[in-house]
Amino acid sequence: MTPALWKYSARAMRKRPGRALLTLLSVVIGVAAVVSVSIATSTTQQAYREMFANVSGRASLEVVANGGGSFDERVLDAIDQSPGVETAVPIVQRPTIMYLGGRRVKLVALGIDPQRDRAVRRYEVRRGDFLDEGDGVLLEADFAATLDVDVGRDVKFLTRQGMQRMQVAGLLDAKGAGALRLGGLAFMRLDVAQYLFDAEGELDAIQVVVEPNADNDTVRDAIAGRLPLGLEVRRPAARSQLVEETLRSSNQGLRMATAFTLLLAAFIILNTFLMNVGERRQQLAVLRAVGATRRQIAWLVVRESLMMGAIGTALGILVGLFGAYLLTRALNE
């Protein structure tokens, strides 16, 4: 009876190819949505984490608040006086949106002390000036080129003080580890960033460059003994809280799109199989009449579903990989 049931299944699919194709497409759509959105989301998050990690540059240690957040900038003096510390570099980093023309670009505003920052990050000014004077902003040169932004152009940033217009003071060529993924950063003076993001007198992190012959663990213990309650000193790491905040809206949109796609696919699959079984009730009844058992009939339907699911999953993975490429490219832009 089993070979005959296989032949019956194949004949039923050939008789109604549209129904079989619809069932297959519903599985492909569901799998492709999950694969593409998952890959695009994880790739984007990893890119941001690498960017924040590379911001650390030569820093061997960093001081941050437990659980994230900002802290009093007076801590910088205590760290400067710790034995084994060559340079302590204060930073403020906040997610923002840059507006130019009709375009909106998500990036991270990085407030730096121009005198201290060169001890941590290596970059050269390709065009324009560094931030030693003035209240302008620095962008990575290749990133600015993709946006058709040049030195002297005014751009707007969304800040705690409202929309603020700033001039592009220079374009950077990053060197060393910091050369990776600086495209999502806008460098500005520390005091300017503190004012714009309502963080006057506060810092988000202090990056510590250790003296060449000093032991990192010894320096870390020395710094830890000078820190007030609520702060910690650790090896530089990607700031996951800032990553999540930067990507929150994108992640929510991707999750919503996935949920709606899965819901749509589930309805398509359910309706297709209900229609499939409903239209074949007469044939299934004939099979019962000629001796097929209930278990054999149920296994016939389940087997067809498993076959459609296997083929649809394989095709869905391929389509999902292509969709992930397109989605990642769109998020990158």
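Helices, taken as H or I runs of at least four residues, and strands, taken as E runs of at least two, are DSSP runs numbered from the N terminus. The exercises below use that numbering on a model that is predicted.

**Exercise 1. Locate Asp198 and Asp148 relative to the helices and strands, and state what is notable about the phi angle of each.**

Step 1. Asp198 sits in the loop that runs between helix 6 (190–196) and strand 10 (202–203). Asp148 belongs to the loop between helix 5 (141–146) and strand 7 (154–159).

Step 2. For the backbone angle, the background is that most residues other than glycine have a negative phi. Asp198, although not a glycine, has a positive phi of about 55°, and Asp148, also not a glycine, has a positive phi of about 60°.

Step 3. For the surroundings of Asp148, the cut-off for an exposed residue is over 50% relative accessible area. Asp148 has a relative accessible area of 63%, and is therefore exposed.

**Exercise 2. Describe how strand 6 is covered and how it pairs with strand 9.**

Step 1. Strand 6 comprises residues 137–140, with Val137 and Leu139 on one side and Leu138 and Glu140 on the other. These four residues are all buried, which leaves both faces of strand 6 covered.

Step 2. Strand 6 pairs with strand 9 (residues 185–189) in the antiparallel sense, and the pairing extends over 3 bridges. Within strand 9, Phe187 is the bridge partner of Leu138.

**Exercise 3. Which residues of the largest nonpolar core touch the most other members, and which strand gives the most to this core?**

Step 1. The largest nonpolar core has 43 residues, and those touching the most other members are Val63, Ile79, Met98, Leu139, Ile206 and Ile223. Strand 3 (residues 85–100) gives the most to this core, with 5 residues.

Step 2. Another core, of 17 residues, lies apart from the largest one, and its members include Ile112, Phe130, Leu138 and Leu185.

Step 3. To follow one member of the largest core in detail, take Met98 and set aside residues up to four places away in sequence; its contacts then include Leu139, Phe143, Leu147, Val155 and Phe157, and among them are also Arg103, Arg104 and Lys156.

**Exercise 4. Compare the settings of three salt bridges, namely Asp204 with Arg94, Asp80 with Arg116, and Asp217 with Arg220.**

Step 1. As background, side chains of opposite charge can pair when their charged atoms come close. A search of the whole structure finds 10 salt bridges.

Step 2. In the pair formed by Asp204 and Arg94, the closest N and O atoms are 2.8 Å apart. Asp204 lies in the loop between strand 10 and strand 11 (205–210), whereas Arg94 lies in strand 3, so the pair ties together parts that are 110 residues apart in sequence. Both Asp204 and Arg94 are buried.

Step 3. Asp80 and Arg116 also form a salt bridge, with 2.9 Å between the closest N and O atoms. This pair links distant parts of the chain, since Asp80 is in helix 3 (residues 75–80) and Arg116 is in helix 4 (residues 114–117), 36 residues apart. Asp80, at 30% relative accessibility, counts as partly exposed, and Arg116 is partly exposed at 23%.

Step 4. Asp217 and Arg220 meet through their side chains at 2.9 Å, N to O. Because they are 3 residues apart in helix 7 (residues 216–224), about one helical turn separates them. Asp217 is partly exposed at 35% relative accessibility, as is Arg220 at 25%.

Step 5. Salt bridges also join into a network, which links Glu62, Glu232 and Arg234.

**Exercise 5. Which residues form the nonpolar patch on the surface, and which helix gives the most to it?**

Step 1. The patch is formed by Ile39, Ile311, Leu315, Ile317, Leu318 and Leu321, which together have about 500 Å² of accessible area. Helix 10 (residues 294–332) gives the most to this patch, with 5 residues.

Step 2. Ile311 is found in helix 10, and at 42% relative accessibility Ile311 counts as partly exposed.

**Exercise 6. Place Ala266 in the fold and state how far its C-alpha atom is from that of Ser26.**

Step 1. Ala266 is part of helix 8 (residues 240–279) and, at 41% relative accessibility, counts as partly exposed.

Step 2. Although Ala266 and Ser26 are 240 residues apart along the chain, their C-alpha atoms are separated by 7.6 Å.

Definitions and conventions:
Residues are numbered from 1 along each chain as its sequence is written. This is a predicted model: local features need pLDDT of at least 70, side-chain atom pairs count only at pLDDT 80 or more; totals for chains, interfaces and linings use all residues. Side-chain values use heavy atoms; hydrogens and water are left out. Buried means under 20% relative accessible area, exposed over 50%, partly exposed in between (1.4 Å probe, protein chains only). Two strands pair if DSSP finds at least two bridges between them. A nonpolar core is a set of buried Ala, Val, Leu, Ile, Met, Phe, Trp, Tyr and Cys residues joined through side-chain atoms within 4.5 Å. Contact means heavy atoms within 4.5 Å. Patches are made of residues with over 30% relative accessible area and no salt bridge: like charges are joined within 9 Å, nonpolar side chains (Val, Leu, Ile, Met, Phe, Trp, Tyr) within 5 Å. Accessible areas come from the Shrake-Rupley method with a 1.4 Å probe; for residues, only the protein chains shown count as cover. A salt bridge is a side-chain nitrogen of Lys or Arg within 4 Å of a carboxyl oxygen of Asp or Glu.
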